[in-house]
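Student: I would like to go through this model with you and ask, for each label, what justifies it.

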Amino acid sequence: PANETCGTAKTIQPGVTELVPLVGTAADVATKCGPSTSDLVYRVVLDAPYDVRAYASTVDGAGSAVVSLRKDPCAGIETEVACFQGNPTSAFARKLGPGPVYVAVKASAPTDVSLLVTLEPPTDPPADETCASAPPLATNVDVPIDLKDHADDVKTCVSGLVDAAYALTLDQPSDVLAILRVSQADYGALSIQKPPCESKDGVVGCKVSQPSPMRVAAHGLPK
């Protein structure tokens, strides 16, 4: 296929399913999600800002698909705004455009992938989307977390998972235990981070892909 790189990306229409033939292609575009395997690159040209979601799944059920949403010029990993791996899987990002938005598609096995890109009116993120606006968290209370329409914003020990952030205020130095329960047959990640929670440097405890419930402990955290 001609669309091996960002410079030769194939323009596709939102709302129209595209077959992505990955057999025999080269690995040209780096992503934070999944293996460094063969890929093809597509683009959607936006006339205004939109929330963008890209859905991907392997046609024959072999392996898992990787989908990466990227800003122009697309080639560098720093242009990646969202990526996810699974079968099926989807990547979501808010307020992209106007201009081209690129979608890189990979798979963990030589196969064909079904790709669908959809556009929605731009929305503001919920309060728990990032550490900057994290709502307060009370101790010893179960808190239901709805991750629908969340993005991967918080830098922890894993990339490619949607996330939410909450702020725990301590009135004295304390040991902290956080417990996360996820849906049956799903997996997640849990981390405790020091403020301002802007990089992996602030992570004091993190686990991923552990059986539910997942526990992370941190000792002697300052108030």
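Tutor: Let us begin with a pair of side chains, keeping in mind that this is a predicted model. Arg 53 and Asp 149 form a salt bridge in which the closest N and O atoms are 2.5 Å apart.

Student: Why is the contact between Arg 53 and Asp 149 called a salt bridge?

Tutor: The label asks for a side-chain nitrogen of Lys or Arg within 4 Å of a carboxyl oxygen of Asp or Glu. Arg 53 and Asp 149 have their closest N and O atoms 2.5 Å apart, so the pair meets the definition. Because Arg 53 belongs to strand β4 (residues 50-58) and Asp 149 to the loop between β9 and β10, the pair ties together parts that are 96 residues apart in sequence.

Student: What makes Arg 53 buried or exposed, and what about Asp 149?

Tutor: Buried means under 20% relative accessible area and exposed means over 50%, with partly exposed in between. Arg 53 has 13% relative accessibility and therefore counts as buried, whereas Asp 149, at 28%, counts as partly exposed.

Student: How many salt bridges does the structure hold?

Tutor: The structure holds six salt bridges. One of them joins Lys 95 and Asp 124, whose closest N and O atoms are 2.7 Å apart. This pair links distant parts of the chain, with Lys 95 in strand β7 (residues 89-96) and Asp 124 in the loop between β9 and β10, 29 residues apart. Lys 95 is partly exposed because its relative accessible area is 44%, while Asp 124 counts as exposed because its relative accessibility is 58%.

Student: What makes Asp 39 and Lys 106 a salt bridge?

Tutor: The side chains of Asp 39 and Lys 106 meet with 2.6 Å from N to O, and the cut-off is 4 Å, so the pair qualifies. Here, too, distant parts of the chain are linked: Asp 39 is in strand β3 and Lys 106 in strand β8 (residues 99-107), 67 residues apart. Asp 39 and Lys 106 are both buried.

Student: Where does Ser 36 lie, and why does Ser 36 carry its exposure label?

Tutor: Ser 36 sits in the loop between β2 (18-21) and β3 (39-46). With 69% relative accessibility, set against a limit of over 50%, Ser 36 therefore counts as exposed. Ser 36 and Ala 107 are 71 residues apart in sequence, and their C-alpha atoms are 9.1 Å apart in space.

Student: What makes Pro 125 partly exposed?

Tutor: Pro 125 has a relative accessible area of 47%, which is neither under 20% nor over 50%, and so the label is partly exposed. Pro 125 lies in the loop between β9 and β10, and from C-alpha to C-alpha it is 30 Å from Leu 40, with the two positions 85 residues apart in sequence numbering.

Student: Which residues form the nonpolar patch on the surface, and how much accessible area do they have together?

Tutor: The patch consists of Leu 137, Val 141, Val 143, Ile 145, Leu 147, Val 162 and Leu 168, with about 480 Å² of accessible area together. Leu 137 lies in the loop between β9 (112-120) and β10 (174-180). Patch residues need over 30% relative accessible area, and Leu 137, at 31%, therefore passes that limit while counting as partly exposed.

Student: What is unusual in the backbone, and how do you know that it is unusual?

Tutor: Most residues other than glycine have a negative phi, and most peptide bonds are trans. Asn 140 is not a glycine, yet has a positive phi of about 60°; Asn 140 lies in the loop between β9 and β10 and counts as exposed because its relative accessibility is 80%. Cys 197 likewise has a positive phi, of about 65°, and lies in the loop between β11 and β12, but with a relative accessible area of 17% Cys 197 is buried.

Student: Which peptide bonds are cis?

Tutor: A cis bond joins Asp 72 and Pro 73, with omega about 15°, and Pro 73 lies in the loop between β5 (65-71) and β6 (80-86). The bond from Pro 195 to Pro 196 is cis as well, with omega near 10°, and Pro 196 lies in the loop between β11 (189-193) and β12 (203-208).

Conventions
Residues are numbered from 1 along each chain as its sequence is written. This is a predicted model: local features need pLDDT of at least 70, side-chain atom pairs count only at pLDDT 80 or more; totals for chains, interfaces and linings use all residues. Side-chain values use heavy atoms; hydrogens and water are left out. Patches are made of residues with over 30% relative accessible area and no salt bridge: like charges are joined within 9 Å, nonpolar side chains (Val, Leu, Ile, Met, Phe, Trp, Tyr) within 5 Å. Accessible areas come from the Shrake-Rupley method with a 1.4 Å probe; for residues, only the protein chains shown count as cover. Helices (H or I, at least four residues) and strands (E, at least two) are DSSP runs, numbered from the N terminus. Buried means under 20% relative accessible area, exposed over 50%, partly exposed in between (1.4 Å probe, protein chains only).
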